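Reader: I should like to go through the terms applied to this structure and see how each one is justified. Please set out the criterion before the conclusion.

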Amino acid sequence: MNAYAEMKKRHQEEVNALPMYWAFSDEQFDQQLKELGLTRNDTGKLCKTFGGGFCLASDAQMIADTLRGHRREMEEAISADETGDGFIKDMFRYELRNHEYTYTCEVEGTVEACGFTMEQIENDERLQHGLEVAAKELREAAGFSF
């Protein structure tokens with residue numbers, strides 16, 4: 001497994017363990033409140049989270065800190081890859097696969113999923129190199145001759 005995939009898996013496991021809740025109907029919301037020992041009169045004790053979820057207000061800072069820590073760790077791993085042949089290549093290779101690059105030969109969705117713009121890729125030799133190497137490896141593995 002590549003370094004990016006390992007980090008992404010660990011981050012997902014940590015997010016899954018966070019005390020966040022989702023409800024897509026009034027009935028589900030009421031059930032979540034009941035499980036938390038709350039009623040609709042206690043909604044001031046809740047905060048919205050990403051993806052339409054919610055958490056206890058008392059957990060909001062811990063959740064935000066965890067997500068900021070994930071972003072910081074990702075940024076540090078990208079910064080530490082001086083050539084683009086390590087973590088950056090792993091990142092692009094993983095996301096190119098995830099975005100079906102060998103079917104579409106398009107990189108824009110991958111670039112966006114990694115949190116970059118095409119302009120940022122073009123202006124950073126490491127990012128550009130990592131993307132090019134990852135794309136080439138996938139094309140070769142798929143038997144493309146270009």
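Author: A residue is called buried under 20% relative accessible area, exposed over 50%, and partly exposed in between. The model discussed here is a predicted one.

Reader: Why is Glu100 called partly exposed?

Author: The relative accessibility of Glu100 is 46%, and partly exposed is the class between under 20% and over 50%, so Glu100 counts as partly exposed. Glu100 sits in the loop between α4 and α5.

Reader: What makes the phi of Glu100 worth noting?

Author: Phi is positive at Glu100, about 55°, although the residue is not a glycine. Glu100 follows α4. Cys105, another residue other than glycine, has a positive phi near 55°. Cys105 belongs to the loop between α5 and α6.

Reader: Which accessibility class does Cys105 fall into, and why?

Author: Cys105 has 35% relative accessibility; this lies between the two cut-offs of 20% and 50%, and therefore Cys105 counts as partly exposed.

Reader: How do you know that the length of α4 agrees with that of a helix?

Author: Helix α4 covers residues 87-98, twelve residues in all. The expected span is 1.5 Å times one less than the number of residues, so α4 should span 16 Å; the C-alpha atoms at its ends are 16 Å apart, and the two values agree.

Reader: What makes α4 mostly covered?

Author: Nine of the twelve residues of α4 are buried. Among them are Phe87, Ile88, Met91, Phe92 and Leu96, together with Lys89, Asp90, Arg93 and Glu95. The buried residues of α4 pack against α1, α3, α5, α6, α7 and α8.

Reader: Why is Glu95 counted as buried?

Author: The cut-off for buried is under 20%, and Glu95 has 2% relative accessibility, so Glu95 is classed as buried. Glu95 is part of helix α4. Leaving aside residues up to four places away in sequence, Glu95 touches Tyr4, Lys8, Thr110, Ala113 and Cys114.

Reader: Which residues have the most contacts inside the largest nonpolar core?

Author: The largest nonpolar core has 21 residues, and those with the most contacts inside it are Ile78, Met91, Phe92, Leu96 and Phe116. The elements α1, α3, α4 and α8 each give two or more residues to this core. Apart from this core lies another of six residues, including Tyr21, Leu33, Leu38 and Leu46.

Reader: What does Phe116 touch beyond four places in sequence?

Author: With residues up to four places away not counted, Phe116 is in contact with Ile78, Met91, Phe92, Val111, Ile121 and Leu127.

Reader: Which residues line the largest pocket, and which helix gives the most to the lining?

Author: The lining of the largest pocket consists of Tyr4, Lys8, His11, Gln12, Val15, Leu67, His70, Arg71, Met74, Met91, Ala113 and Cys114. Helix α1 gives the most to this lining, with five residues. Both α1 (3-17) and α3 (57-80) supply at least two residues each. The space in the largest pocket is about 280 Å³.

Reader: How does the lining of the largest pocket divide by residue class?

Author: Seven residues of the lining are nonpolar, three are polar and two are charged.

Reader: Is His70 buried or exposed, and what makes it so?

Author: His70 has a relative accessible area of 10%; the cut-off for buried is under 20%, so His70 is buried. His70 lies in helix α3. Apart from residues up to four places away in sequence, His70 touches His11, Glu14 and Val15.

Reader: Why are Thr49 and Gly53 each called buried?

Author: Thr49 has 15% relative accessibility, and Gly53 has a relative accessible area of 4%; each value is under 20%, so each residue is buried. Thr49 is placed in the loop between β2 (46-48) and β3 (54-56), and Gly53 also lies in the loop between β2 and β3.

Reader: What do Thr49 and Gly53 touch?

Author: Not counting neighbours within four places in sequence, Thr49 is in contact with Met20, Trp22, Phe54 and Cys55. On that basis, Gly53 touches Tyr21, Trp22, Cys47 and Lys48.

Conventions
Residues are numbered from 1 along each chain as its sequence is written. This is a predicted model: local features need pLDDT of at least 70, side-chain atom pairs count only at pLDDT 80 or more; totals for chains, interfaces and linings use all residues. Side-chain values use heavy atoms; hydrogens and water are left out. On a 1 Å grid over the protein atoms alone, a cavity is a set of points where a 1.4 Å probe fits but cannot get out, and a pocket is an open set with protein on both sides within 12 Å along at least five of seven lines; lining residues have an atom within 4 Å of a point. Grid points are joined across faces, edges and corners, and a volume is the space filled by probe spheres set on the points. Helices (H or I, at least four residues) and strands (E, at least two) are DSSP runs, numbered from the N terminus. Ala, Val, Leu, Ile, Met, Phe, Trp, Tyr, Cys and Pro count as nonpolar, Asp, Glu, Lys and Arg as charged, and the others, Gly among them, as polar. Buried means under 20% relative accessible area, exposed over 50%, partly exposed in between (1.4 Å probe, protein chains only). Contact means heavy atoms within 4.5 Å. A nonpolar core is a set of buried Ala, Val, Leu, Ile, Met, Phe, Trp, Tyr and Cys residues joined through side-chain atoms within 4.5 Å.
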